[in-house]
Amino acid sequence: MSIPFLPVRLSLSRADGSSIPLGGWDEWEIWFRPRCSFCKMCYNFEDDALRTRVSPELCSDLFRSANNGCYKCQILKIVIESLCAGDPNKTMFMFTVNIERNKEDKLRSFPELRVWDIGGQYMNDIDLYRIVDGPCPWKFLEVKLNVPEGTASSASFSWVQEQMKRCLSGHPQCSIGWESPILPTRVLDVRLNLASNNNTVRVVETNGSRGNYLALSHCWGNPELMPTKLTAHTLKDYQDSIPYDSLPPTFQDAVTFTRMMNIQYLWIDSLCIIQCDREKDSPEDEELSRRDWIRESDAMCSVFENSYLTLAAASSPGCTSGLFSSTKTTEIRGTNVDGPYQIYARKQPNHKAEGFPLFKRGWVMQESLLAPRTLLFGDSELIWLCRGHKACQCSTSVIGGLDQSSEWYMKLPKVDQLNDESVRHAVMKSWYRLITNYSTTSLTHETDKLAAVDGIVQYMRRLRSGEYRAGLWSDSLPLDLLWSTFQASRQPWRTARRNLSQKTPWSSDKLLFPTWSWASIRGQVSWPIEDLTENCPEEEILVDLIEERPTDAQDHSLICPAYELNLYGVVVPSSLGALPQGHMRGRGVYYPDWDNQLSDLGSKTKIACLRVLKSYNEYYSLVLHCVDEDKSVYERIGLLFYRDNLHCSNTDIDDREWKRESEIKGLPPWWEVCKGWEPNKVTVTLV
């Protein structure tokens with residue numbers, strides 16, 4: 001008995017319900033066999049089969065299968081043709097079902113459709129999904145939400161208002177403690193002048209007045225493409241008016257959105273902080289911009305902490321890219337043997353902060369952490385972040401199931417929450433992870449390395465009993481000193497002063513930042529000690545800080561430089577070539593502070609290994625290079641680590657004896673010159 005052919009109607013529709021002609025397909029009847037042979041292109045949309053798929057196929061083969069009557073291949077063909085450009089003979093696709101565990105350790109299956117050229121570069125990740133009330137027999141497709149056509153649409157604005165209403169009414173942890181905060185030193189007044197019919201904004205000196213304001217977090221891009229910025233020469237004119245049309249697109253969109261929110265004031269760094277103008281500035285102008293920058297950077301914590309809402313131009317690489325974006329959604333309706341179906345496709349929205357240009361910018365770390373509410377303008381949708389809730393427009397789950405523990409999306413707690421000891425401890429512990437992430441970002445000016453986290457420092461001062469020193473804290477100094485370069489990332493190197501004008505409050509004549517600070521390294525750093533921050537007994541700390549600060553020193557990270565650090569501890573002499581070169585080889589691990597160090601300095605270079613910490617069976621030392629023997633002045637050049645593991649001294653199962661490696665071989669010579677060696681403590685100065 002032959003299997004009958006059955007008709008199926010296929011049509012492509014826009015999200016508003018109107019049809020899109022596809023060569024008459026919306027009128028044609030497509031015939032297929034309900035129990036056809038297994039299709040190696042679409043895998044018959046069978047969940048179990050798609051989970052086993054391991055190899056991609058050419059799009060031209062998929063299109064051929066679609067033209068031969070496989071209606072599921074026709075669905076994929078419609079999706080790829082409507083969302084991707086490229087020659088199908090030179091384009092690959094991969095359609096699979098993946099499985100992962102979510103935060104609750106539950107299995108989650110989801111489809112993945114990727115399209116790329118033969119050269120191997122991904123062109124598009126496509127989000128294939130169903131909606132909650134739409135008919136669909138393929139349950140492996142996740143239930144998601146259709147997003148509005150653009151982030152500037154009325155539907156998107158209504159979504160923002162809904163999130164804001166929810167936050168204001170239900171999140172006491174997001175409130176700033178009073179109805180209207182003190183405004184920053186300067187803000188933009190964005191009210192339209194209806195009387196003159198001029199579309200302008202103006203810079204306002206607030207003089208301590210109160211009001212709600214929005215703040216913009218954005219990438220500058222090429223500074224030469226920023227047509228408007230506040231300088232000593234434009235200050236007076238900008239206080240009168242700035243034509244809306246003279247603003248770069250990102251600023252224009254921020255002004256438009258602020259007006260939509262019915263908020264009078266907007267803060268933008270380059271228009272509210274006096275910038276230098278190297279071509280026009282006199283020495284007096286340079287001094288004015290320098291002093292203004294110091295004052296305003298000191299206020300950065302309060303600027304974002306007190307903002308009503310921070311607008312984050314997440315997908316814009318520069319000020320000319322704009323804030324808003326649009327998205328295309330393809331809707332496919334049809335009927336198969338099981339009845340009607342309705343599925344949707346769009347380019348995969350980006351939910352990962354690391355995928356946004358904005359989060360590659362160093363300054364954005366503190367701007368995101370400190371703001372009680374942030375609205376991310378992505379490449380296809382909006383993402384809402386506040387202390388009580390995280391949401392995106394495309395998903396019914398929180399940010400599409402993205403792990404909320406990401407430091408990029410976290411918010412520092414409201415100040416009054418810091419009275420809780422567990423909250424205080426968690427925030428203090430997060431410092432290491434935050435700086436690790438921050439070290440992967442980039443800055444236009446190397447001199448901003450510490451200034452760009454000064455807002456976080458101001459916040460952390462409320463929790464710390466010690467003094468802040470160039471990225472480290474005196475009340476946890478031994479642990480803070482144990483940073484290491486992450487060798488798997490881009491090659492690390494040490495930042496040096498290129499000219500006399502390139503200076504920071506922590507600079508010496510030679511270096512921008514002291515070598516004992518993680519800020520001296522251009523590249524990713526991390527701390528191998530997170531478990532030690534929970535509880536580190538004093539007897540495990542083997543180095544002491546010698547305080548020699550002037551009594552009249554002000555407690556300010558930008559005004560009180562201190563590139564010298566006086567430490568008291570045991571120093572073990574050695575040579576650079578004697579250290580364990582390469583990870584996990586030899587007696588311990590050596591993390592050099594920059595790449596190709598051995599060839600730069602030579603294997604016979606004398607070094608000093610300063611003992612810092614011994615915790616249970618783990619040993620940590622700083623590796624120092626002497627730059628002034630008479631005054632015992634050293635530069636840090638790396639970190640040493642050794643774990644004293646257990647070893648079995650006998651292979652006989654019945655007569656096994658476990659001993660520490662140090663009991664068999666002794667401790668590494670960079671920790672103990674020889675067995676029974678009696679060390680003496682000395683004072684060393686690190687620069």
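A residue is called buried when its relative accessible area is under 20%, and exposed when that value is over 50%. With that in hand, here are some close-ups of this predicted model.

**View 1. The whole chain, before zooming in.** The protein is built with 15 helices and 32 strands. Of its 687 residues, 53% count as buried. Take the contacts in the protein with a separation of 6 or more: residues 24 or more positions apart account for 71% of them. The accessible surface adds up to about 32,400 Å², and carbon and sulfur atoms own 49% of that.

**View 2. F45 meets W138.** Searching the whole structure turns up 25 aromatic pairs. Here F45 and W138 make an edge-to-face pair, with 5.0 Å from centre to centre and 75° between the planes. This pair ties together distant parts of the chain, 93 residues apart. F45 sits in the loop between β2 (29-32) and α1 (47-51), while W138 belongs to the loop between β6 (122-129) and α4 (154-170). Are these two residues, F45 and W138, buried or exposed? Both are buried.

**View 3. Y438 meets W518.** Y438 and W518 also form an edge-to-face aromatic pair, this one with 6.1 Å centre to centre and 85° between the planes. Again distant parts of the chain are linked: Y438 lies in helix α11 (residues 421-438), and W518 is in the loop between β21 (493-494) and β22 (521-522), 80 residues apart. Y438 has a relative accessibility of 1%, so it counts as buried. W518 is buried too, with a relative accessible area of 0%.

**View 4. A cluster of rings.** Step back to F45 and W138, and you'll find them in a cluster held together by ring pairs. Which residues join them there? The other members are Y71, F95, F140 and Y341.

**View 5. Charges over rings.** Look for K77 here: its charged end sits over the ring of F63, 5.5 Å from the ring's centre. R346 does something similar with Y129, placing its charged end over that ring, 4.0 Å from the centre.

**View 6. Strand β32 and its partners.** Strand β32 (residues 681-686) runs antiparallel to strand β25 (residues 565-575), and six bridges join the two. Within this pairing, L567 stands opposite V684 of β32. How does strand β29 (residues 633-643) run relative to β32, parallel or antiparallel? Those two run parallel, joined by two bridges. In this case V633 stands opposite T685 of β32.

Note on methods
Residues are numbered from 1 along each chain as its sequence is written. This is a predicted model: local features need pLDDT of at least 70, side-chain atom pairs count only at pLDDT 80 or more; totals for chains, interfaces and linings use all residues. Side-chain values use heavy atoms; hydrogens and water are left out. Rings of Phe, Tyr and Trp (its six-membered ring) pair if their centres lie within 6.5 Å; planes under 30 degrees apart count as stacked, over 60 as edge-to-face and the rest as tilted. Helices (H or I, at least four residues) and strands (E, at least two) are DSSP runs, numbered from the N terminus. Buried means under 20% relative accessible area, exposed over 50%, partly exposed in between (1.4 Å probe, protein chains only). A charge sits over a ring if NZ of Lys or CZ of Arg is within 6 Å of the ring centre and within 35 degrees of the ring normal. Two strands pair if DSSP finds at least two bridges between them. Contact means heavy atoms within 4.5 Å. Accessible areas come from the Shrake-Rupley method with a 1.4 Å probe; for residues, only the protein chains shown count as cover.
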